[in-house]
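Here are my comments on the model you sent round, set out as numbered points for a reader who wants to check each one against the coordinates.

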Amino acid sequence: MSKKIIAPSLLASDFANLQREIEMVNQSDADWFHLDVMDGVFVPNISFGMPVIQAIAQHAKKPLDTHLMIVDPDKYIKTFADLGVDHLTVHYEACPHLHRTLQAIKAEGMKAGVAINPHTSVKLLEDTIQDIDIVIVMSVNPGFGGQSFIGNTYQKVADLKELINRKNANTLIEIDGGVNADNAKKLIDHGADVLVAGSFVFKSANPTETIKKLKEEIA
Ligand code: DX5
Ligand code: ZN
């Protein structure tokens, strides 16, 4: 069984003390940084963009897993690569030429991810799964941290795992939204490889300890 990954989402961190929050993740058992970029068009919220990611990249010592909730992501692929982003995930619903977008991300040396909204079926990835390094299954409607986990996600993860196996693909399954100690293990048991956790980590009394416990939970 391959190693399971925890990716704290900085969206829920204290932006006034971002360097301190980054150092906490550096020192913790977490594996990746999850960075949520929102444009106020694809989703009804605006988070942060390039200058903030540039600052994060200067301090982060773990891979930058960047989740673009933006329209027309193709325009910025090179910019994110130049900032030092390791994984670039675009939304299925925002990409009319998804295959081309995936190739463009890989051509810049990054891992290519596709995120699917709660209403988007994993069946729609039949013809691209072999080109996708990471699928983010959204377990909330994207746009905000701190929302409740959607239970239908378990079945989607199982269906996606079946598709990946059937197509002999090498794709990681990442779950994003409302992840906590109550659903982490069950998600892994259904086939998930990566769990994003925002509020559950950063709003807890001891984020380092919360990450450690989450890792132990899914080990
Ligand atoms: C939601 C973002 C998530 C969010 C997760 O649109 O993509 O990454 O930060 O936050 P929690 O874990 O609080 O649901
Ligand atoms: Zn995200």
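The points below take up the annotated residues, then the ligand shell, and then two helices.

1. The model is a predicted one, and every point in this note should be read with that in mind. The annotations come from an unreviewed UniProt entry, which places the feature "active site" at Asp36 and Asp176. These residues span 141 residues in sequence, yet no two of their C-alpha atoms are more than 10.4 Å apart, so they gather at one spot.

2. The "binding site" feature, also from an unreviewed entry, lists His34, Asp36, His67 and Asp176. Although these residues are spread over 143 residues of sequence, they cluster in space, with a largest C-alpha distance of 10.4 Å. Asp36 and Asp176 thus appear under "binding site" as well as under "active site".

3. Strand β2 holds His34 and also Asp36. His34 is buried, because 28 other C-beta atoms lie within 10 Å of its own, where 20 or more are required. Asp36 is likewise counted as buried, with 24 C-beta neighbours inside 10 Å. Leaving aside residues up to four places away in sequence, Asp36 touches Ser9, Leu11, Ser47, His67 and Met69, while the contacts of His34 include Ala7, Pro8, Ser9, Asp65, His67 and Val196.

4. His67 is found in strand β3, which covers residues 64-69, and with 28 C-beta neighbours inside 10 Å it counts as buried. Beyond its neighbours within four places in sequence, His67 is in contact with residues that include His34, Asp36 and Asp176, and these are themselves listed under "binding site". Among its other contacts are Leu35, Val37, Thr89, Ala115 and Ile136.

5. Asp176 belongs to strand β7, residues 172-176, and is buried, with 25 other C-beta atoms within 10 Å. Apart from its neighbours within four places in sequence, Asp176 is in contact with His67, Ile136, Met138, Ser139 and Val196. Val196 is also among the contacts of His34.

6. How many residues surround ligand 1, and which are the closest? The shell has 22 residues, of which Ser9, Pro142, Gly145, Gly198 and Ser199 are the closest. The elements that give two or more residues to this shell are β2 (33-38), β8 (194-197) and α7 (199-202). By character the shell divides into nine nonpolar, 11 polar and two charged residues. Ser9 is also a contact of Asp36 and of His34.

7. Helix α8, residues 207-218, has 12 residues and reaches 17 Å from its first C-alpha to its last, close to the 16 Å expected at 1.5 Å a residue. Its buried residues are Pro207, Thr210, Ile211, Leu214 and Ile218. These cover an arc of only 100° around the axis, which puts them on the same side of α8. An α-helix has 3.6 residues a turn, so residues three or four places apart point the same way. What covers the buried residues of α8 includes β1 (5-8), α1 (18-27), α6 (184-190), β8 and α7.

8. Is Asp82 buried or exposed? Asp82, in helix α3 (residues 77-83), counts as exposed, because it has 11 C-beta neighbours inside 10 Å, and the limit for that class is 12 or fewer. The C-alpha atoms of Asp82 and Gln54, 28 residues apart along the chain, are separated by 9.3 Å.

Note on methods. Residues numbered from 1 in each chain as written. Chains lettered and ligands numbered in written order. Predicted model: local features only at pLDDT ≥ 70, side-chain atom pairs only at ≥ 80, totals over all residues. Near = placed C-beta within 6 Å. Helix = DSSP H or I, 4+ residues; strand = E, 2+ residues; numbered from the N terminus. Nonpolar A, V, L, I, M, F, W, Y, C, P; charged D, E, K, R; others polar. UniProt positions renumbered as here; feature names shortened; annotations may be inferred. Contact = placed C-beta atoms within 7 Å. Expected span 1.5 Å × (residues − 1). Arc of directions from axis to C-beta.
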